[in-house]
Amino acid sequence: MTDSRERRESGGRRWRPLLLSGRPWAATLYLLSYSVIGTLLFSLVLTSVLVAATLSIVWVGLPLLVAVAVLTRGCAAIERWRALLVTDLVPAVHRTVHGRGITAQLRTRWSDPATLRACGYLILMYVPLLILDTAVVALWLSVVGMVTVPLWFWAIPQNGGHGVMIGYRPDAPDTTSFAFGDGSFGLWIGDLPTALFAAALFLVLAFVLAHLVVAVAESHGRVVRSLLGSPTDPLATVRRTLDEPGPLHGGTPSEAGSRGGIGNR
């Protein structure tokens, strides 16, 4: 999954800081796009489910429920495709509909765990994921933007002057660059040397936060894999170990018997 992706990206190359790779920017695109695509999918699926559930008391709602199940599957496919930005391909397994008629379609599609897990991701997980993604990407982009502060600090109007205030500096621009106490605190960026100093500080912070934005994006991708991917057997490794021949395995039963017979003689 993510580990294999990292090995492919770093194989045969020397180590370099995460900020200088493409992963933070792919993670940024992934988190940013969720605020748009995730919101559209949430609204579409939630509205469809509510309308179909309301109309299901009459026969008209039954075909709508089937259509909503198909729609939910399509929306889940969009999220699996979007997750390729931060993780490997997320496979999906759906039950095949056997039989004809609306009843067979309805029973199979809404008893399919993949449909229920897709609804859980698209509807129930929307708010917590949106809050987390938005908070992290806003912090990350703010820090990255401040790295470029020497290019634009002079164009920001502030208290009759021009500059950038970090903290609370009511006396700016007629004040020192740094202040802590006497009712004011923080940094006033009103000249190029101070702007370069601030840019250097935020660049160091950006190297640190690159790990945070990638970690959050990959965590979101793991949620997608867990809820929208094919279910995994937690005992799969144990089952494979039990099925494989052990160190004392002597081949087929007939071969083992013949060897045992020779030894007995």
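User: What makes the largest nonpolar core a core?
Analyst: Keep in mind that this is a predicted model. To earn the name, a set has to consist of buried nonpolar residues joined through side-chain atoms within 4.5 Å. The largest set of that kind has 43 residues, and Leu31, Val149 and Ile189 have the most contacts inside it. So those 43 residues get the label because they are buried and linked by the 4.5 Å rule.

User: Which elements supply at least two residues of this core, and which gives the most?
Analyst: At least two residues each come from H2, H3, H5, helix H6 (126–147), strand S5 (184–189) and H7. H7 gives the most, with 13 residues.

User: How do you know what leucine 31 is in contact with?
Analyst: Two residues are in contact when heavy atoms come within 4.5 Å. Skipping its neighbours within four places in sequence, leucine 31 meets that cut-off with Asp133, Val136, Val137, Val213, Val216 and Ala217.

User: Why is valine 66 called buried or exposed?
Analyst: Buried means under 20% relative accessible area. Valine 66 comes out at 11%, so it is buried. It lies in helix H3. Outside its own stretch of four places either way, valine 66 is in contact with Ile102, Gln105, Leu106, Arg109 and Trp110. Take arginine 109: it sits 43 residues from valine 66 along the chain, yet their C-alpha atoms are separated by 7.1 Å.

User: And glycine 120, why does that one count as buried or exposed?
Analyst: Glycine 120 has 16% relative accessibility, and the cut-off is under 20%, so it counts as buried. You'll find glycine 120 in helix H5. From glycine 120 to leucine 228 is 108 residues in sequence but 9.4 Å in space, C-alpha to C-alpha.

User: How much of the whole chain is buried, by that cut-off?
Analyst: Of the 265 residues in the protein chain, 34% are buried. As for contacts with a separation of 6 or more, 64% are between residues 24 or more positions apart.

User: What makes the largest cavity a cavity, and what is its volume?
Analyst: A cavity is a space where a 1.4 Å probe fits but cannot get out. Searching the whole structure turns up 2 cavities of 30 Å³ or more, and the largest has a volume of about 60 Å³. Thr72, Arg73, Ala76, Arg80 and His94 are among the residues lining the largest cavity. Helix H3 (61–82), helix H5 (113–124) and helix H7 (192–228) each give two or more residues to that lining.

User: How do the residues lining the largest cavity divide by class?
Analyst: That lining splits into 5 nonpolar, 4 polar and 3 charged residues. Arg counts as charged, so Arg73, Arg80 and Arg117 in the lining fall in that class.

User: Which residues line the second largest cavity, and which element gives the most?
Analyst: The second largest cavity has a volume of about 30 Å³. Tyr34, Gly38, Leu41, Phe42, Glu79, Tyr121 and Leu122 line it. Helix H2 (23–55) and H5 each give two or more residues, and H2 gives the most, with 4 residues. By class the lining has 5 nonpolar, 1 polar and 1 charged residues. Gly counts as polar and Glu as charged, so Gly38 and Glu79 take those two places.

User: Where does UniProt place the "transmembrane region" feature, and how helical are the spans?
Analyst: The unreviewed UniProt entry puts it at residues 24–44, 50–72, 119–143 and 195–217. Residues 195–217 are 100% helix and 0% strand, with end C-alpha atoms 31 Å apart. Residues 50–72 are 78% helix and 0% strand, and there the end C-alpha atoms lie 13 Å apart.

User: How many helices and strands does the chain have?
Analyst: The protein chain has 9 helices and 5 strands. From the N terminus, the order is α-α-α-α-α-α-β-β-β-β-β-α-α-α.

Methods: Residues are numbered from 1 along each chain as its sequence is written. This is a predicted model: local features need pLDDT of at least 70, side-chain atom pairs count only at pLDDT 80 or more; totals for chains, interfaces and linings use all residues. Side-chain values use heavy atoms; hydrogens and water are left out. UniProt positions are given in the numbering used here, feature names are shortened, and annotations may be inferred rather than shown by experiment. On a 1 Å grid over the protein atoms alone, a cavity is a set of points where a 1.4 Å probe fits but cannot get out, and a pocket is an open set with protein on both sides within 12 Å along at least five of seven lines; lining residues have an atom within 4 Å of a point. Grid points are joined across faces, edges and corners, and a volume is the space filled by probe spheres set on the points. Buried means under 20% relative accessible area, exposed over 50%, partly exposed in between (1.4 Å probe, protein chains only).
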